Each structure stands twice: as structure tokens, then as C-alpha cells.
Amino acid sequence: STKDAQQSGGPSLPSRVRVLVVGAGFAGLGTAIKLDEDGVTDFVVVDKGAGVGGTWRDNTYPGAACDVPSQLYSFSFAPNPDWSRSFSQQPEIHAYLERTAREAGVLDRFAFGVTVEDATWDETDRVWQVVTDHGTVTAEVLVTGSGGLSEPRLPDIEGIGSFGGRIFHSARWDHDTDLAGKRVAVIGTGASAIQIVPRLAETVGHLDVYQRTAPWIVPRQDRAYPALERAALRHVPGLQRLYRLGVFLARETYVPAFTAAPDIAKPAELMARANIRKGISDPALRQAVTPDFKLGCKRVLISNEYYPALAQDHVELVTDRIARVTPTGIVTADGTEREIDVLVVATGFHTTDQPIAHHIKGRDGRTLADVWREHGMTAYKGTTIAGFPNLFQIVGPNTGLGHSSMVFVIESQIRYIRAALAHLEEHGVATVEPRPEAQRRWNKRLQRRMQHTVWHQGGCASWYLDEHGRNTTLWPRSLFTLRRQLAGFDPAAYVATPQQHTTD
Ligand code: N01
């Protein structure tokens with residue numbers, strides 16, 4: 001119980017709150033700050049980690065950095081004139097989030113080291129019963145901000161459990177393992193791997209990079225902000241907003257290339273091919289890293305360092321399929337065994353099969369995972385779900401982006417949630433949940449649009465698509481449209497139940 005937890009020195013949780021928020025990344029922190037601003041005092045944010053930061057707390061691998069420019073990859077309400085570079089690195093983003101939480105004075109609302117085990121809708125009392133490893137909290141409203149890329153996905157490779165050396169996932173970096181001079185393998189060539197590889201190449205003795213699919217990689221236009229520019233960003237009124245707007249608008253020009261006419265992406269493909277030629281001189285290696293699908297179909301990566309790292313003598317790109325892992329190395333389909341001391345799996349996350357969905361039980365007793373297994377991962381406006389009253393998901397289905405800042409999406413959803421809470425307050429409403437037909441209509445329109453995107457037409461397999469081949473992760477329109485859709489609460493799309501009045 002809560003009392004037991006307090007007695008054992010663990011985090012203390014209130015027994016009942018108006019709002020319980022899961023996750024202390026950009027989503028949970030942003031929600032906390034805005035609830036506080038709205039005068040909602042009765043809420044708690046729980047997170048299984050030790051502090052705020054979410055993905056920027058968990059991903060500490062060497063080279064971790066954001067591929068969205070800093071000015072846009074920050075809260076609109078907490079601008080940071082001190083970014084040191086145009087693309088921030090992980091420690092700086094993590095520090096920004098910690099500072100923002102501290103300065104907003106909301107840290108006392110967070111309970112760290114708390115894992116949510118189950119959240120069950122209680123139809124009698126119309127509340128969520130949220131069972132955690134530190135006791136149960138009754139919440140009238142449940143907001144999940146646990147992220148779409150938070151649960152590492154380990155590869156299902158024969159013998160991987162038998163590996164005798166150190167093995168870890170990119171998002172759970174083992175900083176106690178000294179890699180200097182070691183033989184190291186990295187499995188995967190996604191956004192994480194291409195940042196890790198150049199850093200590892202600097203220290204390890206030998207590096208094998210196991211590539212299943214070659215990604216498209218365009219140059220990274222990263223630069224340090226000179227002192228004068230930083231001073232200007234700090235002191236010239238409106239300058240930072242102007243930078244932000246510039247980055248935002250530039251990125252919106254990518255939308256048509258992804259969603260309507262993939263051939264618009266041709267110039268970017270030319271840039272990516274030039275990036276290969278610049279970084280690699282060996283024709284065979286050039287060929288091996290050249291993608292065989294349309295740019296945009298998978299996440300477009302950015303790096304100036306990855307190709308030159310691969311071209312080094314002590315780095316080998318392995319394109320043969322992995323057959324199995326042995327206690328001492330990796331065997332490929334051609335029978336070659338490459339011995340290693342350390343294995344880094346940069347194989348991504350559970351995206352379309354989110355673990356949290358198995359722990360949320362709706363009105364009819366079924367979990368979100370059960371419901372989604374039947375209909376695919378769907379929600380209304382990416383945020384609310386029929387059968388799950390007073391549940392709001394930040395970064396829910398079809399809210400991910402391939403081109404711009406998730407912070408913009410998160411802030412749009414927080415606005416929507418605040419509007420919903422205000423509606424409940426003002427109209428004496430106890431619960432809201434989307435009408436099934438509203439949710440169906442929303443998703444039908446979305447999936448119709450999806451058919452014409454590069455994610456479906458680009459000739460690749462990616463984590464954007466679920467097991468039925470449906471894209472249930474990405475937003476297929478502009479961010480202007482997303483912001484407009486989430487601008488206010490739309491009660492007509494919802495079933496509402498009035499507050500119960502006790503008459504005794
Ligand atoms: O993961 P991924 P990630 N055997 O799923 C390969 C964000 N992010 O952690 O392409 C062999 O993209 C897999 O191969 P394939 C960003 O949204 C952002 O890199 O499926 N290989 C792929 O190469 C990103 O998209 C930033 O054929 C296997 C790789 O592992 C998302 O996070 C930085 C395999 C997984 O790539 C995830 O990126 C980092 C197997 N069994 C992450 N299983 C920035 O902002 C998987 N692979 C810079």
C-alpha cells in the first residue's frame with residue numbers, strides 16, 4: 001500500500017487524484033506544467049525512471065543527439081536561448097528538461113521509481129484504479145505519456161541468449177563496459193546505430209556493423225552557435241521565435257514528398273547519394289550502403305560521420321544475414337563466424353505493439369492491446385479511445401512524425417486535453433469517451449489518405465507499419481492540420497456521462 005511504500009522509504013503516492021499522468025518525458029512534463037498553470041492542483045506524474053527526461057534520460061549511448069533542430073525541439077513556452085548547437089546532443093536536452101521542470105516548480109508533483117502495473121476502469125465509481133508497485137492510486141482522469149519509442153525491442157536471433165560477452169540495447173547503454181580496443185558488433189543501421197557507429201569507431205579495436213536494410217542518410221547541417229549569435233538569440237526580442245518559425249516552415253515543405261508525390265523527394269535522394277560518394281570511396285561498399293527503396297519510406301537519417309566511419313579499415317559492414325549468435329560471436333548465413341567481446345543491439349523499440357496497452361483495461365474489462373489486436377492501433381484524433389473513458393494518450397496512434405518535432409505534436413495534444421478537462425469542469429460532466437463511429441470515421445479518412453504515402457508506396461518494410469501492413473504510427477498531414485484538429489474539445493464526437501449527485 002501507499003503507507004507501506006512510505007514506511008519503506010519509497011516514493012509517496014496520493015491515494016486519489018483528479019489526474020494521473022504516466023511518464024515524465026516531454027509529454028508528462030509538459031502536461032504537469034500546463035495543469036499547474038491551469039490551477040489543477042490535484043495531479044501526480046509517475047515514472048519508473050529516476051528523473052524527468054523520458055527518451056532523453058534513457059538514451060545515453062555515445063553520440064546520442066536529436067535530428068530535429070534545437071529551436072524547434074523544445075517547448076514553445078520554455079524557449080532556450082542557450083542551445084549550444086543547431087542540433088542538440090542528448091546531455092543538453094536532458095539538462096534542458098531538468099531545468100525546465102525545476103524552474104516551473106512542478107517537481108513535487110512527480111513520483112519517480114514508480115512502475116504502473118495495471119490501470120483498470122471502474123465503471124461503478126467512474127474512476128481509473130491504477131495499480132503501481134508503490135500502491136494503488138484512484139484517478140478520475142488518466143493521461144499516458146509513456147512514449148512510442150520507450151520499450152527496447154530485442155532481436156529474436158537464435159542463440160542470442162547464449163552470448164558470453166557483454167550485450168546491451170542502444171537505449172540501455174552499459175557505461176561500465178570499457179570498449180577501448182575491444183571487438184564490438186552493432187546490430188542495426190537505424191537512427192540510433194548511425195549515431196553510435198562513428199563514436200565507437202573512435203575507441204574500439206574492431207567494429208562489425210550488421211546491416212539488414214541500408215537506410216537513406218542525408219547530410220547533417222549541424223553547427224555550433226557562435227557567441228554573438230547566442231547573445232542575439234538571448235537579447236533580440238522575437239529572434240528565437242523567428243528561428244523556430246523558420247525551421248518549422250522549412251520542415252512542413254517535406255510533407256508533400258511523404259504524403260502525395262514521393263517523387264518530390266528525388267533531390268533529397270540525390271543529396272543522399274552524394275553523401276555516400278563523399279564518405280566512401282570503395283565502389284563495393286558504396287553499393288552495399290545504397291538503399292533499394294524510396295527515400296522517406298523509412299525514417300530519413302542525417303549524418304556526416306557514418307559513411308566515413310564505415311570506410312575505416314577496422315570497421316566492417318556485414319550485409320550477410322545473421323544466422324545465429326554463439327557464446328563468442330556472430331555467425332552469418334554464409335557460415336562465417338566473427339568473434340566479438342561486446343554486442344550492441346540497436347534494433348529499435350516496441351512501437352505498434354506497445355507494452356502499456358497490455359496494462360490498461362477499459363469499461364468492458366478488455367485491455368487496450370486486446371481491442372487493438374482486433375481493430376489495429378486506433379484512437380480518435382490520436383488521443384482518446386472508445387471504451388476507455390477519461391483516458392488521454394499523448395503520442396497515441398498516428399501522431400508520430402517523420403519530418404518534424406514531436407514536441408509540437410505533444411503540445412497540440414496537451415492543449416486538447418486541457419480543453420477536455422475544462423469541458424468536464426464547466427458542464428458538470430464526469431466522463432467522456434469518443435463515440436465509436438467518430439473514431440471509425442476519423443481512422444477511415446486517415447487510412448484512405450495513408451494509401452498514397454511513401455510509407456506504403458516506397459517499397460520498404462518499417463516500424464511505421466503494423467502486422468497488417470497498416471500505418472498506425474504516423475500523422476499523414478501537415479502540422480497545421482494537426483494543430484487545428486486538436487485546437488478545441490469537440491463534445492459532439494463524445495459520449496458524456498453527468499456527474500453523480502449524492503442525495504443522502
Ligand atoms: O531503431 P529502428 P532506432 N536482425 O527501429 C535493425 C527515433 N530516434 O533505435 O531496417 C538484424 O529505426 C533494423 O533493420 P531493418 C527515430 O524516430 C531518433 O535506430 O528493419 N537487424 C534497423 O536497421 C527512429 O526512427 C534519433 O531491416 C535488425 C535497426 O535494427 C526511432 O527512434 C535517434 C533486427 C532498428 O532501427 C528508432 O530508431 C535515435 C534483426 N533481428 C532514434 N531487428 C534522433 O533524433 C532490427 N534490426 C537522431
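**Exercise 1. The contact of α2 with α13**

Task: In this predicted model, determine which residues of α2 meet which residues of α13, and state how the residues of this contact divide by class.

Solution.
Step 1. On the side of α2, the residues in contact are F26, A27, G30, T31 and K34.
Step 2. Their counterparts in α13 are V407, I410, E411, I414, I417 and R418.
Step 3. Sorted by class, the residues of this contact comprise six nonpolar, two polar and three charged.

**Exercise 2. The geometry of α2 and α13**

Task: Describe how the axes of helix α2 and helix α13 cross, and state whether the crossing is left-handed or right-handed.

Solution.
Step 1. Two packed helices are described by the angle between their axes and the distance between the axes.
Step 2. Helix α2 spans residues 26–37 and helix α13 spans residues 406–426; their axes come within 10 Å.
Step 3. The crossing angle of α2 and α13 is roughly 40 degrees. Angles under 35 degrees would count as roughly parallel, and those from 65 to 115 as roughly perpendicular; α2 and α13 are therefore oblique to each other.
Step 4. The crossing of these two helices, α2 and α13, is right-handed.

**Exercise 3. A second partner of α2**

Task: Carry out the analysis for α2 and α4: how do their axes cross, and which residues meet?

Solution.
Step 1. Helix α4 covers residues 90–104, and its axis comes within 11 Å of that of α2, with a crossing angle of roughly 15 degrees.
Step 2. The limit for roughly parallel is under 35 degrees; α2 and α4 are therefore roughly parallel to each other.
Step 3. The crossing of α2 and α4 is left-handed.
Step 4. From α2, L29, I33 and D36 meet L97, T100, A101 and A104 of α4. By class, this contact of α2 with α4 holds five nonpolar residues, one polar and one charged.

**Exercise 4. The sheet of five strands**

Task: Give the order of the strands in the open sheet of five strands, and identify its edge strands.

Solution.
Step 1. The order is β7-β16-β8-β9-β12, and the pairing is parallel.
Step 2. The edge strands are β7 (166–169) and β12 (315–318), each of which pairs on one side only.
Step 3. On average, neighbouring strands of this sheet are turned by 15 degrees against each other, direction ignored.
Step 4. Strand β9, residues 206–210, pairs with β12 in the parallel sense over four bridges. The bridge partner of L207 in β12 is V315.
Step 5. Helix α5 lies across β8 (183–187), β9, β12 and β16 (342–345), and runs at about 170 degrees to β8.

**Exercise 5. The sheet of three strands**

Task: In the open sheet of three strands, what are the order and the sense of pairing, and which strands stand at the edges?

Solution.
Step 1. The order is β13-β14-β15, with antiparallel pairing.
Step 2. β13 (322–325) and β15 (337–339) stand at the edges; each has a single partner strand, so one side of each is left without a neighbour in the sheet.
Step 3. From one strand to the next, the twist averages 25 degrees.
Step 4. β13 pairs with strand β14, residues 329–332, in the antiparallel sense over three bridges. In β14, I330 is the bridge partner of V325.

**Exercise 6. The shell around the ligand**

Task: Which residues come nearest to the ligand, and which helix supplies the largest share of the shell?

Solution.
Step 1. There are 25 residues around the ligand, and P155, G188, G190, T213 and G348 come nearest.
Step 2. Helix α5, residues 191–203, contributes the largest share of the shell, four residues.
Step 3. By class, the shell has 13 nonpolar, nine polar and three charged residues.

How values were computed. Residues are numbered from 1 along each chain as its sequence is written. This is a predicted model: local features need pLDDT of at least 70, side-chain atom pairs count only at pLDDT 80 or more; totals for chains, interfaces and linings use all residues. A residue is near a molecule or strand if its C-beta atom, placed from the backbone, lies within 6 Å of it. Ala, Val, Leu, Ile, Met, Phe, Trp, Tyr, Cys and Pro count as nonpolar, Asp, Glu, Lys and Arg as charged, and the others, Gly among them, as polar. Axes are lines fitted to C-alpha atoms, for helices over the stretch in contact, and angles run from 0 to 180 degrees between N-to-C directions. Angles under 35 degrees count as roughly parallel, over 145 as roughly antiparallel, 65 to 115 as roughly perpendicular and the rest as oblique. A crossing is left-handed if the near helix is turned anticlockwise from the far one by less than a right angle, and right-handed if clockwise. Two residues are in contact if their C-beta atoms, placed from the backbone, lie within 7 Å. Two strands pair if DSSP finds at least two bridges between them.
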